[in-house]
Amino acid sequence: MHNIAIQVNDLHKSYKNLDVLQGVNFTVEQGSIFALLGSNGAGKTTLIKILTTLLKQDSGAAIVNGFDVASKPAHVRQSLSLTGQFAAVDEILTGRENLIMVARLRHLKQPHQVANELLTRFGLTDAANRKASTYSGGMRRRLDLAMSLVGTPPILFLDEPSTGLDPEARIEVWSVVKGLADDGMTVLLTTQYLEEAEQLADRIAILHEGKIIASGTLTELKKLFPPAEVEYVEKQPTLEEIFLAIIGKKEGK
Ligand code: ADP
């Protein structure tokens, strides 16, 4: 039996007439990578905002690290870090200075040591004394991730971690995220890239029209979509085909 890091029960959220979340349910096990997959506008960011206490749900409940987001928001915030679209890197500071600044803001006792450990872990030691403005996209995203991990919260929320990165930088970020999960961190990421979910996630949930319409391991999702026989060669479906098939079924096409 695994411990549960995140539990979402019948979550609803509307903006005026727009019902974005219409009863969302899922659980994320501690130490796993969970991908929330959905098209643009599906409600992924809305869900992340509720789970990180930036937005209140209309009804339903969410428990993060054992704390209810509605009644224990401060405890929830102490349990998590959030990164992705909201890059916090200060361009005029070096990589090391950025990390030390965050460590000081979080009142850690040994900011220099914390910074050095994170620089090593994220492969930024050689670039530590260069201004962040000289970093590549992948290095900057790694620095942003490192900054969000100062103080080692147990749960990491990544909102579209590789949006805007080139393929090489994307692979860099993926390997960092895998390493964090190997060290026991729970990761919930949102993505519109099927390949990202396929590469990274232990479990994948597809958010569509306000609900989770399918969830499971990649193997389980593939079973929902039987392989087609193509001239005696069995073809394995890609996650993209599964995604489109499930959405198509749902829309009755
Ligand atoms: P995703 O992250 O999956 O792209 P979002 O959660 O950002 O989706 O948005 C879901 C839907 O809600 C979109 O149609 C978006 O335009 C709408 N939306 C998001 N935020 C607001 C807001 N503050 N007010 C009104 N509509 C919003």
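This is a dialogue about how terms are applied to a predicted model.

Trainee: Why is Asn 98 called buried?

Mentor: Buried means under 20% relative accessible area. Asn 98 has 0% relative accessibility, so Asn 98 counts as buried. This residue is found in helix 3, where the buried residues are Gly 95, Asn 98, Leu 99, Ile 100, Val 102 and Ala 103.

Trainee: What is Asn 98 in contact with, leaving aside its neighbours within four places in sequence?

Mentor: With Val 89, Asp 90, Leu 93, Ala 132, Leu 143 and Met 147. Contact here requires heavy atoms within 4.5 Å. As for helix 3 (residues 95-105), its buried residues pack against helix 4 (111-121) and helix 5. Just after helix 3, His 107 has a positive phi of about 55°.

Trainee: What makes a set of residues a nonpolar core?

Mentor: The members must be buried, come from a fixed list of residue types that includes Leu, Phe and Ile, and be joined through side-chain atoms within 4.5 Å. The largest such core has 52 residues, and Leu 99, Phe 122, Ile 204 and Leu 239 have the most contacts inside it. Helix 6 (residues 167-182) gives the most to this core, with seven residues. Apart from it lies another core of 27 residues, including Leu 21, Val 28, Ala 62 and Leu 80.

Trainee: Which residues does Leu 239 contact, leaving aside its neighbours within four places in sequence?

Mentor: Leu 37, Leu 194, Ala 197, Glu 198, Ile 204, Leu 218 and Leu 221.

Trainee: What makes strand 6 and strand 7 a pair?

Mentor: Two strands pair if there are at least two bridges between them. Strand 6 and strand 7 (residues 155-159) have four bridges, in the parallel sense. One bridge joins Leu 82 to Phe 157 in strand 7. The two strands belong to an open sheet of six, in the order 6-7-8-3-9-10, with mixed pairing.

Trainee: Why are strand 6 and strand 10 said to stand at the edges?

Mentor: Strand 6 (80-83) and strand 10 (211-216) each have a single partner strand, so one side of each is left without a neighbour in the sheet. From one strand to the next, the twist averages 15°.

Trainee: Which helix packs on this sheet and touches strand 3, strand 6, strand 7, strand 8 and strand 9?

Mentor: Helix 1 (residues 44-51), whose direction makes about 150° with that of strand 8 (186-191). Helix 5 (residues 137-148) lies across strand 6 and strand 7, running at about 160° to strand 6.

Trainee: How do you know that strand 1 and strand 2 pair?

Mentor: The requirement is at least two bridges, and strand 1 (residues 4-15) and strand 2 have nine, in the antiparallel sense. Among the bridge partners, Gln 7 is matched with Thr 27 in strand 2. Their open sheet has four strands in the order 2-1-4-5, with antiparallel pairing. Strand 2 (18-29) and strand 5 (67-68) each have a single partner strand, so these two stand at its edges.

Trainee: What makes the approach of Lys 44 to the ligand a polar contact?

Mentor: The limit for a pair of N or O atoms is 3.5 Å. A backbone N or O atom of Lys 44 lies 2.8 Å from an oxygen atom of the ligand, so the pair qualifies. For Ala 42, a backbone N or O atom is 3.2 Å from a ligand oxygen atom. A polar side-chain atom of Tyr 15 lies 3.5 Å from a nitrogen atom of the ligand. Other residues around the ligand include Leu 18, Val 20, Ser 39 and Thr 46.

Key
Residues are numbered from 1 along each chain as its sequence is written. This is a predicted model: local features need pLDDT of at least 70, side-chain atom pairs count only at pLDDT 80 or more; totals for chains, interfaces and linings use all residues. Side-chain values use heavy atoms; hydrogens and water are left out. Buried means under 20% relative accessible area, exposed over 50%, partly exposed in between (1.4 Å probe, protein chains only). Axes are lines fitted to C-alpha atoms, for helices over the stretch in contact, and angles run from 0 to 180 degrees between N-to-C directions. A residue is near a molecule or strand if one of its heavy atoms lies within 4 Å of it. A polar contact is a pair of N or O atoms within 3.5 Å; within protein, one must be able to donate a hydrogen and the other to accept it, and residues adjacent in sequence count only if both atoms are side-chain atoms.
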